[in-house]
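Here are some notes to read with the model open beside you. Take the points in any order and look up each residue as you go.

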Amino acid sequence: MAESDTKRDGIITAEQYARTLARYERLMEISRTLTSTLDLDRLLEQIVLAATDLTNTEVASILLMSRAGTLRFEAAIDVTGFSLASIEVPLEGSIAGWVVTHSEPLVIADVRNEPRWSSKVDDASKFQTRNMLAVPMRTHNKTIGCLEAVNKKDGSFTDEDVYTLTTLAAQAAVAIENARLFEQSDLIAEMVHELRTPLAAIKATTHILMRPELSEERRLQMIQTISQETDRLTRMTTEFLDLARLESGRTRLAHKPVDVAALIHDAVEMVKEQAGTRHVILHVQIKPRELPAIQGDAEKLKQVLLNLLTNAIKYNRENGEVWVKAVLRDQQIEVSVRDTGLGISPENLSHIFEKFYRVADTEGYTQGTGLGLAIAKRIVEGHGGDIRVESEQGKGTTFTFTLPVPQTAVSSG
């Protein structure tokens with residue numbers, strides 16, 4: 001009997017060894033794939049697919065630290081097809097927050113017995129979480145997020161699962177940072193390309209200025225061109241640095257009470273002179289008492305408003321109108337800026353928030369850096385909101401962005 005037990009134990013050990021070896025080989029294969037992927041969205045998808053494969057779980061997700069200092073779902077394999085991208089998780093009082101703060105893995109055998117567990121995601125996605133393994137995503141000197149594997153298909157999570165997912169998370173963190181750096185270098189390449197246009201204009205203009213037969217009137221026009229292109233270069237470099245800081249996470253958004261109604265009125269006051277020059281009428285449609293305070297960065301949010309307002313004036317028609325509206329809807333403040341301008345064609349509309357993108361049919365109408373809307377999008381998303389655009393050529397454009405309201409503010413309101 002003892003001999004048969006020994007043989008059986010030997011077989012089990014051999015089977016376990018074979019499974020472990022296969023898992024490590026798969027982990028090495030995944031590692032090679034991750035290090036060769038520089039597209040961030042594709043990389044995140046590969047990571048969650050690998051996590052479910054290696055741990056034999058139903059679902060996996062990645063939460064990364066946002067610029068606002070919270071954790072945000074960036075990718076998930078969800079059997080219901082529900083998108084988690086818009087859901088943020090606080091550092092305090094959450095499983096992912098604990099993992100990131102302590103930089104340690106956490107196994108939850110039954111989420112019903114876990115006080116840090118929140119059913120927010122399950123309620124939104126109609127998915128039922130039973131158990132979970134969450135591990136930190138660490139680079140050399142910081143923890144950038146949390147990798148979760150949810151609902152073990154057979155049995156419970158083992159030490160081998162913890163080790164495997166921790167190893168994957170470490171490899172994934174480095175790959176994510178590399179992809180982010182690649183995006184930064186790509187941004188720099190785009191910036192250098194964009195700088196060539198105003199620099200070429202300045203060089204050509206100075207060459208013409210040296211011609212002795214140039215009239216005084218023409219000379220003054222050339223000097224004005226140089227001044228305009230120099231201003232454009234200054235704006236472009238300033239906005240480029242702003243965007244680079246936002247994308248790299250070096251800009252930390254403030255978390256202070258913000259009176260959105262007062263912020264809108266301040267921004268409108270700042271553009272009144274510009275609107276008057278083009279005979280554009282500004283309308284503000286706000287009921288301040290209905291708008292609770294939010295937590296955010298007032299200066300950055302004002303930057304978003306000023307960008308939308310100045311665009312609405314610049315791309316408007318003479319004697320046009322601009323409406324600024326803010327309402328409380330579904331636990332968030334919705335701000336819209338609508339104009340009676342030229343509008344944007346459908347083919348350009350899908351690219352409007354891309355870096356350095358300027359609508360082709362308006363480039364001769366006014367010059368811009370092509371960075372303002374990309375920056376606005378980053379700021380709004382950093383506050384946990386989103387921004388969208390609707391437009392019809394010849395009738396005008398409406399930009400709308402949302403800002404989440406703290407639950408306590410909604411309840412007390």
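1. Let's begin with a pair of charged residues that are out of the solvent: Asp242 is buried, and Lys300 is buried too. The two form a salt bridge, with 3.1 Å between the closest N and O atoms. Asp242 sits in helix H6 (residues 216–248) and Lys300 in helix H8 (residues 298–314), so this pair ties together parts that are 58 residues apart in sequence. Bear in mind throughout that you are looking at a predicted model.

2. Next, try Arg278 and Glu318, another salt bridge, whose closest N and O atoms are 3.9 Å apart. Both partners are in loops: Arg278 is between helix H7 (260–277) and strand S8 (281–286), while Glu318 is between H8 and strand S10 (321–329), so the link ties together parts that are 40 residues apart in sequence. How accessible is each one? Arg278 has 18% relative accessibility and counts as buried because the cut-off is under 20%. Glu318, at 45%, counts as partly exposed.

3. Some salt bridges share partners, and you can see that with Arg329, Glu334, Asp386 and Arg388, which are joined into one network this way. It's worth showing these four side chains together.

4. Which residue does Arg116 pair with? The partner is Glu114, and the closest N and O atoms of this salt bridge are 2.6 Å apart. Arg116 is partly exposed at 24% relative accessibility, whereas Glu114 is buried, with a relative accessible area of 13%. Counting across the model gives 15 salt bridges, so don't stop at the ones I've picked out, because anything with a Lys or Arg side-chain nitrogen within 4 Å of an Asp or Glu carboxyl oxygen qualifies.

5. Now for charges outside those pairs. Asp39, Asp41, Glu45 and Glu74 form a negative patch on the surface. If you want one residue to start from, take Asp41: it belongs to helix H2 (residues 40–55), and its relative accessible area of 61% makes it exposed.

6. Ser94 deserves a click as well. You'll find Ser94 in the loop between strand S3 (88–89) and helix H3 (95–102), where it is buried at 7% relative accessibility. A polar atom of the Ser94 side chain lies 2.9 Å from the backbone nitrogen of Gly97. There's also a neighbour from elsewhere in the chain: Pro115 is 21 residues away from Ser94 in sequence, with 8.7 Å between the C-alpha atoms.

7. Two backbone angles may catch your eye. Most residues other than glycine have a negative phi. Ser103, though not a glycine, has a positive phi of about 55 degrees; look for Ser103 in the loop between H3 and strand S4 (106–108). Asn151 also has a positive phi, near 65 degrees, and is not a glycine either. Asn151 is part of strand S6 (residues 143–152). Is Asn151 buried or exposed? It is buried, with 0% relative accessibility.

8. Here's a contact between distant parts of the sequence. Phe182 and Leu38 are 144 residues apart along the chain, and their C-alpha atoms are separated by 6.8 Å. Phe182 is in helix H5 (residues 159–209) and is partly exposed, with a relative accessible area of 41%.

9. Finally, have a look at Pro406, in the loop between strand S13 (396–404) and helix H11 (407–412). Pro406 has a relative accessible area of 25% and is partly exposed. Gln332 is 74 residues from Pro406 in sequence, but the C-alpha to C-alpha distance is 8.5 Å.

How values were computed. Residues numbered from 1 in each chain as written. Predicted model: local features only at pLDDT ≥ 70, side-chain atom pairs only at ≥ 80, totals over all residues. Heavy atoms only, no water. Buried < 20%, exposed > 50% of the residue type's maximum accessible area, 1.4 Å probe, protein only. Helix = DSSP H or I, 4+ residues; strand = E, 2+ residues; numbered from the N terminus. Patch = residues over 30% accessible without salt bridge, like charges linked within 9 Å, V, L, I, M, F, W, Y side chains within 5 Å. Areas by Shrake-Rupley, 256 points an atom, 1.4 Å probe, with all protein chains shown as cover. Lys, Arg positive; Asp, Glu negative; His and termini not counted. Charge placed at Lys NZ, Arg CZ, Asp CG, Glu CD. Polar contact = N/O pair within 3.5 Å; in protein donor to acceptor, adjacent residues only side chain to side chain.
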